[in-house]
Amino acid sequence: LTLLGGLRVDATAAQVTHRGLAASDRDGPRLTSQTTDVFGAVTSPRLTLVAHPHASLDVVASAGRGVRPVDAQALSDAERVPYTRVAALELGLRHRIVAGSVTLDSRSSAFVTRVDDDLLFDADLGRNRYIGETRRYGVMCATTLRYGTRLDAQASFTWAEAHKTLAGAALADLGSGPRLAYVPRFVGRFDVAYHDDVVVRREHLGISVGAGTTLVGRK
């Protein structure tokens with residue numbers, strides 16, 4: 001067993017200048033521009049437990065907290081930046097196979113994420129707006145194939161569900177609310193790269209070539 005713990009510090013500083021404001025208000029003339037400075041910092045813990053039941057197999061469980069800063073345009077000058085809190089749980093497997101020059105590394109995990117006050121694009125307003133608590137859950141699978149130092153290939157796939165949380169919903173009730181727009185349920189990715197060393201006039205020249213493609217499901 002291996003137990004890992006960590007603490008991340010996030011700091012945010014922003015300066016926003018509004019230009020073209022009205023030259024006067026009910027109290028009389030005013031400046032046509034205004035600058036707002038904001039700053040904030042927060043700490044986020046994370047704990048990971050890794051079990052090694054076999055030399056080629058790991059079982060990983062982790063829990064942690066994260067944050068996302070709010071839109072700086074909505075803050076007042078010298079205001080401390082408030083953060084949206086994010087909680088995440090993950091449970092996964094990692095398996096490694098080594099046969100001569102071939103290495104196959106596979107990973108899969110299930111995840112649950114809760115956002116205290118999420119942002120979602122509103123097509124009527126033309127901007128993001130806060131919609132309250134949301135929850136996401138899904139699975140991720142990825143496989144990496146390496147042949148010596150010359151060939152690398154990776155394929156990954158993620159399925160995710162995202163829902164707005166209804167008032168009074170139980171902690172384990174992940175999908176009772178309406179589905180969030182603009183969040184794809186399926187995302188796939190494939191990459192391949194080739195590396196080689198050639199000799200040109202007795203000088204070694206390293207070359208690399210790669211290609212990748214992404215598949216994004218309906219949103």
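Let's start with the nonpolar core. The largest one in this predicted model has 7 residues: Val38, Val42, Val67, Val70, Leu75, Val81 and Tyr83. Take Val38 from that set. Setting aside residues within four places in sequence, Val38 is in contact with Thr12, Ala13, Ala14, Leu75, Ser76, Glu79 and Val81. Two of those names, Leu75 and Val81, are core members themselves.

Now Val42, also in the core. Its partner across the strands is Asp10, which stands opposite Val42 in β4. That takes us to the strand pair. β1 and β4 run antiparallel, and 18 bridges join them.

Next, the sheet as a whole. How many strands does it have, and in what order? It is an open sheet of 9 strands, ordered β1-β4-β5-β6-β7-β8-β9-β10-β11, and the pairing is antiparallel. Which strands stand at the edges? Those are β1 (2-19) and β11 (203-216). Each has a single partner strand, so one side of each is left without a neighbour in the sheet. As for twist, the average is 15 degrees from one strand to the next.

Let me zoom in on β4 and β5. Strand β4 covers residues 33-54. It pairs with β5 in the antiparallel sense, over 7 bridges. The connection is a hairpin, and 2 residues carry the chain from β4 to β5. For the register, look at two opposite pairs. His54 stands opposite Leu57 in β5. Val50 stands opposite Val60 in β5.

Stay on β5 for Ala63. This residue is found in β5, residues 57-69. Buried or exposed? Ala63 has a relative accessible area of 32%, so it is partly exposed. Beyond four places in sequence, Ala63 touches Arg46, Leu47, Ala88 and Leu89. Here is a distance for your viewer: the C-alpha atoms of Ala63 and Leu49 are separated by 9.1 Å. Those two residues are 14 apart along the chain.

One reminder on strands in general. In a regular strand, side chains alternate between the two faces of the sheet.

On to Thr134, further along. Thr134 lies in strand β8, residues 127-147. Relative accessibility is 0%, so Thr134 counts as buried. The cut-off for buried is under 20%. What does its side chain pair with? There is a polar contact of 3.4 Å between the side chains of Thr134 and Arg136. And what surrounds Thr134, leaving out neighbours within four places? The contacts are Thr113, Arg114, Val115, Asp118, His163, Lys164, Thr165 and Leu180.

Now the aromatics. The structure holds 3 aromatic pairs. I'll show two.

Phe121 and Tyr182 make an edge-to-face pair. Centre to centre, the rings are 6.0 Å apart, with 70 degrees between the planes. This pair links distant parts of the chain, 61 residues apart. Phe121 sits in strand β7 (residues 102-122). Tyr182 sits in the loop between β9 (151-164) and β10 (186-200). How accessible are they? Phe121 is partly exposed, at a relative accessible area of 39%. Tyr182 counts as partly exposed too, at 43% relative accessibility.

The next pair is Tyr137 with Trp159. The ring centres are 6.0 Å apart and the planes stand at 85 degrees, so this pair is edge-to-face. The cut-off there is over 60 degrees. Again the pair links distant parts of the chain: Tyr137 in strand β8, Trp159 in strand β9, 22 residues apart. Tyr137 is partly exposed, with a relative accessible area of 22%. Trp159 is partly exposed as well, at 25%.

Last topic, backbone angles. Most residues other than glycine have a negative phi. Which residues here have a positive one? Tyr182 is one of them, with phi near 70 degrees. We have met Tyr182 already, in the loop between β9 and β10. Arg201 is another, with phi near 55 degrees. Where is Arg201? In the loop between β10 and β11. Its relative accessibility is 80%, so Arg201 counts as exposed.

To recap, pick three spots to open in the viewer. Val38, in the largest nonpolar core. Thr134, buried in the model at 0% relative accessibility. And Tyr182, with its positive phi and its edge-to-face pairing to Phe121.

Note on methods
Residues numbered from 1 in each chain as written. Heavy atoms only, no water. Helix = DSSP H or I, 4+ residues; strand = E, 2+ residues; numbered from the N terminus. Buried < 20%, exposed > 50% of the residue type's maximum accessible area, 1.4 Å probe, protein only. Polar contact = N/O pair within 3.5 Å; in protein donor to acceptor, adjacent residues only side chain to side chain. Contact = heavy atoms within 4.5 Å. Phe/Tyr/Trp six-rings, centres within 6.5 Å; stacked < 30°, edge-to-face > 60°. Pairing = 2+ DSSP bridges. Axes fitted to C-alpha atoms, helices over the stretch in contact; angles between N-to-C directions. Core = buried A, V, L, I, M, F, W, Y, C linked by side-chain atoms within 4.5 Å.
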